[in-house]
Amino acid sequence: MTDTTTRRAEAPGSLPAHPLDPARPQEYLAGREILAAAGLLGDAVRFAYYGLEEPPKDAVLGGPHGGSGAAPDRRLRAFLIDVVTGESADVVLSVTQRKVISSRTLDPLADGQVPILDQDFALAEEIVHADPGWRAAMARRGLTDVTKIRACPLTAGSYGVAAEQARRMVRVLAFVQASEHDLAWAHPVDGVAAYVDLIERRVFKMIDELDLPVPRESGDYDDPAVRGPLRTTLRPIEITQPEGPSFTLDGHLLEWQGWSLRIGFDAREGLTLHQVTLADDGGQRPVIYRASIPELVVPYGDPAPTRYWQNYFDCGEYLVGKWANSLELGCDCLGEIAYLDATVTGDDGEPRTIGNAICIHEEDSGILWKHTDIFNGSAQSRRQRRLVISFFSTVGNYDYGFYWYFYLDGTIECEVKLTGVLFTSGYPGDGFRYATEVAPGLGAPGHQHLFSARLDMMVDGLANAVDEIDTRGLPVGPDNPHGNAIAQTVTRLRTESQAGRRAAADRARLWRVVSTERTNRFGQPTAFTLYPEAAPILLAAPGSSLARRAVFATNHLWVTRYDPAHRYPAGDFVNQHPGGAGIPAFTAGDRDIDGTDVVLWHTFGPAHFPRPEDWPVMPVARCGFVLKPTGFFDRNPTLDVPPPGPRCHPAEPGGSAR
Ligand SMILES: [Cu+2]
């Protein structure tokens, strides 16, 4: 194997070099001491979230890394919960000033709950295993050995039920794991849902409505009896870069082929990209101030009384970054790889470093451009390359790979790879509309994966605006007598209410982020354009609980004016939140967004009705979006890319390509 690791970015003990660098282990520890000294850490207090409180943009851009002035405070934000009383608080502290800056006690009815804790996984199982009602429900199904039943703590949502709203609760579904290596997802115990109060540590309600047999067929794809013998016909593919990669990584600053960006990582959002700029005219031109996927909701479409509430917000409720995988060279990442570690914390606020969490490498990406000219005989082709920054996270049954690609021609692409194991149910029989039968008696309900990308744009500066571009054929008329006319219509989205938009595949709808200050040689604004995939938005009914809680997913695009407090599109506290937070609150003021500092919120992701081929482990499905420079450059910026090798030069027929 020729794959190699180029370098590690830094020693874990070194001091932060930049205000946007992720929080370090010693900062988490110092922060915990500050919280303890302020009396906020009793024995029963746990950290449901702990991460860097990024300084506001003006403090970064005006500081020593962007201009003049002092470096901003290093601050951390903690969501604390007392697991005996249930009281939760949102606390911001300054490591620099060694003090608590703010602390607010949450009101569960208005704010909902802090995210699921690590300990809740084991606790939920312990609680149902000890509950006589749940044991009786299992026994009725012939399941008397509860040690072989796995329980999932599933976020409860908010359905206006008084007995639920003031509690910190999860709903628990069960799966049989007959042996240590059995794949439990293959054996759902459908029809039983236990509602668990995590503070009282008891089952307060049982739903036991349906009696489908537990599907028996093994889903253990590691088991030779299930998968069969491994194929022997694949010959090696080796990727070599004998002179090393073309990027440099200095701490968290990554530079490649004119691109410059900073890499961050957060327990809630996972990978974050900062200060993305492109070299041109001897300087670095800003493109994006910050890009991340701060929310992801997975709503399931089976209306069964035991499962209608299944919709998981994997960032706001489960903290997708906390579940990042340690990536293996030669397995997860091929070629000349640089890794960055990520540090998150456990329930006790103790730092936990995930080695090799972020993978950085360069890839060949096929043809960049190519032409054989029929007149001058020039035959030229160039190879496209991309810089890949990625991480993988396992949230329960699913695994998500988050990939950001930067290309030689200025294109930026975000791709999410969805894999892992389907969430399963019993399959009642032919004609059942809400699931696919993927093994005998085993259903996989239809669902969506709706991601929200937060793109804090900065195209050639802070003064930006967003245009919606539609391309349409025009009707026959005096200007179009033969009916062949194709035209673009450009509509400026002037206010936040106007900028709640849906994709339109039949019009090739695009959204263009333009500089309102800089123009290109044609006098047109320099711009980057968002190309959406136009998959369905939220399919849950308007007026449903989920439509209130995931307003962000009811459009493909929102545009807001930058506000440092607007970070999460379903609100800061998502777990059991009744709705109305995030996007609807951010846009309530209907601010002017023409020529200001704008943030785009882009919803994307598949409506996933599973196939039998998605079982027992799902081949990667892809979704994402693309951002392309549009008049940002005055012409193709890759004419200077050299031919890939001597054989790519034909024998000088008509001189070099112009
Ligand atoms: Cu899916």
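These notebook entries record what I looked up in a predicted model of the structure.

**Entry 1. First sheet**

I began with the strands towards the start of the chain. Four strands, in the order β2-β3-β4-β5, make up an open sheet with antiparallel pairing. I noted β2 and β5 (99-105) as the edge strands, each of which pairs on one side only. On average, neighbouring strands of this sheet are turned by 20 degrees against each other, direction ignored.

I then looked at β2 in detail. This strand spans residues 45-53, and 8 of its 9 residues are buried. It runs antiparallel to strand β3 (residues 75-82), and 8 bridges join the two. For orientation in the viewer I kept two pairs: V45 stands opposite D82 in β3, and Y50 has A78 of β3 as its bridge partner.

Which strands does helix α1 lie across? I found that α1 (residues 25-37) lies across β2, β3, β4 (88-94) and β5. The helix runs at about 125 degrees to β2.

**Entry 2. Second sheet**

I next turned to the sheet formed by β6-β7-β8-β9, listed in that order. This sheet is open, has 4 strands and is paired in the antiparallel sense. Its edge strands are β6 (149-155) and β9 (202-208), each pairing on one side only. Neighbouring strands here are turned by 30 degrees against each other on average, direction ignored.

Between β6 and strand β7 (residues 169-176) I recorded 7 bridges, with antiparallel pairing. Within this pair, R150 stands opposite F175 in β7. Helix α4 (residues 119-130) packs on the sheet and touches β6, β7, β8 (192-197) and β9. The direction of α4 makes about 120 degrees with that of β6. Helix α5 (residues 132-140) also packs on the sheet, touching β6, β7, β8 and β9. The direction of α5 makes about 30 degrees with that of β9.

**Entry 3. Largest pocket**

I looked up the open space next. The largest pocket has a volume of about 970 Å³. Of the 41 residues lining this pocket, W256, Q257, R383, R385 and L408 are the closest to its centre.

Which strands each supply at least two residues of the lining? I listed β13 (270-280), β17 (351-372), β18 (379-395), β19 (398-407) and β20 (412-420). By class, the lining of the largest pocket divides into 20 nonpolar, 9 polar and 12 charged residues.

**Entry 4. Cavities and H556**

I then searched for enclosed space. The whole structure holds 7 cavities of 30 Å³ or more. The largest cavity has a volume of about 60 Å³. Its lining consists of L450, E533, A534, A535, P536, H556, H602, T603, F604 and G605. I sorted this lining by class and noted 5 nonpolar, 4 polar and 1 charged residues. Strand β31 (residues 598-604) gives the most to the lining, with 3 residues.

I followed H556 from the cavity lining outwards. H556 is in the loop between α8 (545-549) and β30 (557-561). Is H556 buried or exposed? With a relative accessibility of 7%, H556 counts as buried, because the cut-off for buried is under 20%. Leaving aside neighbours within four places in sequence, H556 is in contact with R501, R502, A503, W511, A534, A535, P536, I537, W601, H602 and T603.

**Entry 5. Two further loop residues**

I checked R307, which lies in the loop between β14 (283-299) and β15 (311-313). At 3% relative accessibility, R307 counts as buried. Not counting residues up to four places away in sequence, R307 touches L173, D190, D302, S425 and P445.

I last checked Y427, in the loop between β21 (425-426) and β22 (435-439). Y427 has a relative accessible area of 13% and is therefore buried. Its contacts, leaving aside neighbours within four places in sequence, are L212, F432, A435, T436, E437, G441, L442 and G443. I also took one long separation: the C-alpha atoms of Y427 and T526 are separated by 54 Å, and the two residues are 99 residues apart along the chain.

Methods
Residues numbered from 1 in each chain as written. Predicted model: local features only at pLDDT ≥ 70, side-chain atom pairs only at ≥ 80, totals over all residues. Heavy atoms only, no water. 1 Å grid on protein atoms, 1.4 Å probe; cavity = no way out; pocket = protein on both sides within 12 Å on 5 of 7 lines; lining within 4 Å. Points joined across faces, edges and corners; volume = space filled by probe spheres on them. Nonpolar A, V, L, I, M, F, W, Y, C, P; charged D, E, K, R; others polar. Buried < 20%, exposed > 50% of the residue type's maximum accessible area, 1.4 Å probe, protein only. Pairing = 2+ DSSP bridges. Axes fitted to C-alpha atoms, helices over the stretch in contact; angles between N-to-C directions. Contact = heavy atoms within 4.5 Å.
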